[in-house]
Amino acid sequence: MRFSQSHHMPYTGIDEAGLGWPISNSRFDAQTATDLFRTYIDAKIYAEECGFDEIGCNEHHMSPFGMMPNPNLIAASITERTSTAGIFQCGNLLPLINPLRIAEEYAMLDVMSGGRLIAGLMRGIPHEYVAYNIAPDESWGRMREAVELILKAWTEPEPFGWEGEFYQFRAVSIWPKPVQTPHPPLVMSGGSPTSAKFAAEHRAVMGILRVTDLGQARQLIDIYKEQARADGWEAGPDRFMIGLPTAVAETFDEAKQVLHGGTQYFFDVLQGGINRALQLVVQTTKYNADDRNIRPLDKDEQMKLMPVEERIEHGQVLCGTPDMVVDQIRHLYAELGHGHMNLIIKVGNMPDDFVRRSMELLRDGVFGEVRSLGAASASSAPEPAEPTAI
Amino acid sequence: MKLETKTIRLSQGEVRYHTAGDGPPLLYLHPAAGFRLSGPIERLANRFRLIAPIVPGFDGTERLPGLDTIPGIANLYAELIAELADGACDVVGQSLGAWIGAWLAIDHPETVEPLVLASPAGFRPPDAPPLSFEPEVMLKQLYAYPDKRPPETKSAEQLAGNRDAVKHYRIGAAWDGELNRRIGEIRCLTLIVHGTKDVRVPVEAVRKLRHDIPHAHLVFVYDAAHSIEIDQPERVGALYEDFLLRGEAFIVNPGSGTEAS
């Protein structure tokens, strides 16, 4: 089992619930943000010392939900202060950004880190499309084309041009190219049947980055495996990443209490504005037409109200003492057969000293107990295929 | 667009050609399916005087005695350019047409400027699996969007004649060793166009062309198979036009409202 650390870098200097979209930045305090950035980047760097295999960054826009509109800037900082951990970019959001810029910046990170980049190619969540004024109806079309273009930019040995539906470039030859060949490992979201199939077609690691229901997660993993078999290979545990909010403490009561408080803040304050934009996108566009790509809002409400014990039972969170979390990971592995976990170690406004202590407890009492899970059976064809159909 | 069909007598015999439009001459060389009107061809006819010769033996035309090689067709077309285009013109070839166009640019460099090699045949490595000519397989390999195919206008006899002509000129192997050895002799500005779903021309082949031809550009057309003019007519037509009218400057974004000139 491999572990990534995920930290959204939320702005926690506000307490008002139920704010609309976008949340006004008149509430922003510069000194608070500067202090938070120092604390958060230190926490990310500390993950390497705490035995995490990878350190994750992700992209979100125009919300205190996360202060990483360009996660590559944070990753560059992490790269310089770490030496062994993978640099896991859980986004960039392809439909929103110039794909060549993503190819270039990811290549830079791979070179700067000596080949430690894990390249997340994500579609994003609906409110991002409002933020960057991209038609949500174009989401999948842009996503599919951008993935092909980025792979070409990384792998094509001769300069080339591109005539696409959304992107046109006449002279492409990026410098630098990535260190890893044929290109850095890919991670794609598995939040829907369409996404799961798409990830399998690209032999990417599929991230179910926020589990709401074990049955649904199993179904998505099965869709991925079925597509892999149809393409002539077997997907092992190394192809599946499960993302969970995580709180570890010396006592269950403490972990539960901190997780509960952070969760309330997350849903009430950080996610409030986002939900309004999400509703507008889903109600007025075909963003979600192919399948249920996003969580229904009532599911969020259920998660917020659900006792922590039930959330553990549903596989939604890791919470408790190190021994309890070991048991929870074993249970999840028995249910899903995954080989990778993305631990969201800062939930809402969880105290930052708790976050660091939680990571230390994971290092000292959890990781060593579960490393062997899923490690013995790798996929039969882990490397991505040639990006074209040749 | 008004397409006229004419005949010209050359030293080896008569050659039929389609023509339309006014402007500088442009030679359009058809693929092994014969000549079919497409969106890009219509677009070119708005800017150029289109000359689209029919390879003798295709589309119901008679073969010419002693003419059974691709370089031989190129020689014939050099003579046609001398007669109809004052000795030099833009050349666009698709698939088989690109094969002929490449030989034209090598053996008669004074006749071609610039050159477009679209889905170029003749460069499929000999160790690649043999090309299938089964209709169902071909349908899948030729078109990403089979529904975009125009209605068939050729008679059963013409279609059978085209299949015979493919054998006559030994096009099926899709590999021309001599051409591959000499491809670096092309000196004119060249655009290579390849569909991202083209499995009949391997991507390695167009990479090699881009590498070997000194003044070449390679452009991938996203979401198009071998028949790029049918799968993505608007994008391919605009690309042809931009390259032919602006030359090497086609890599520069002209901005909205700036007409290519």
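In this predicted model, strand 5 of chain A pairs across the chain boundary with strand 8 of chain B, residues 216-221. The two strands run parallel and are joined by 3 bridges. Within strand 8 of chain B, Val221(B) is the residue that stands opposite Glu163(A).

The contact between the chains involves 16 residues of chain A and 19 residues of chain B. On the chain A side, at least two residues each come from helix 5 (139-155), strand 5 (160-163) and strand 6 (168-172). Strand 5 of chain A gives the largest share, with 4 residues. By character, the chain A side that touches chain B holds 6 nonpolar, 3 polar and 7 charged residues.

Helix 7 of chain A was examined next. This helix covers residues 214-230, a run of 17 residues. Its end C-alpha atoms lie 24 Å apart. That separation agrees with expectation, because 17 residues at 1.5 Å a residue should span 24 Å.

Several residues of helix 7 of chain A are buried. They are Ala217(A), Leu220(A), Ile221(A), Ile223(A), Tyr224(A), Lys225(A) and Ala228(A). Lys225(A) is thus listed as buried alongside Leu220(A) and Ile221(A). The buried residues of helix 7 pack against two helices of chain A, helix 6 (193-201) and helix 12 (322-336). They also pack against strand 8 (205-208) and strand 9 (240-248) of chain A. After helix 7 of chain A comes Gly232(A). The phi of Gly232(A) is positive, near 90°.

Terms used: Residues numbered from 1 in each chain as written. Chains lettered and ligands numbered in written order. Predicted model: local features only at pLDDT ≥ 70, side-chain atom pairs only at ≥ 80, totals over all residues. Expected span 1.5 Å × (residues − 1). Buried ≥ 20, exposed ≤ 12 C-beta atoms within 10 Å, placed from the backbone. Contact = placed C-beta atoms within 7 Å. Nonpolar A, V, L, I, M, F, W, Y, C, P; charged D, E, K, R; others polar. Pairing = 2+ DSSP bridges.
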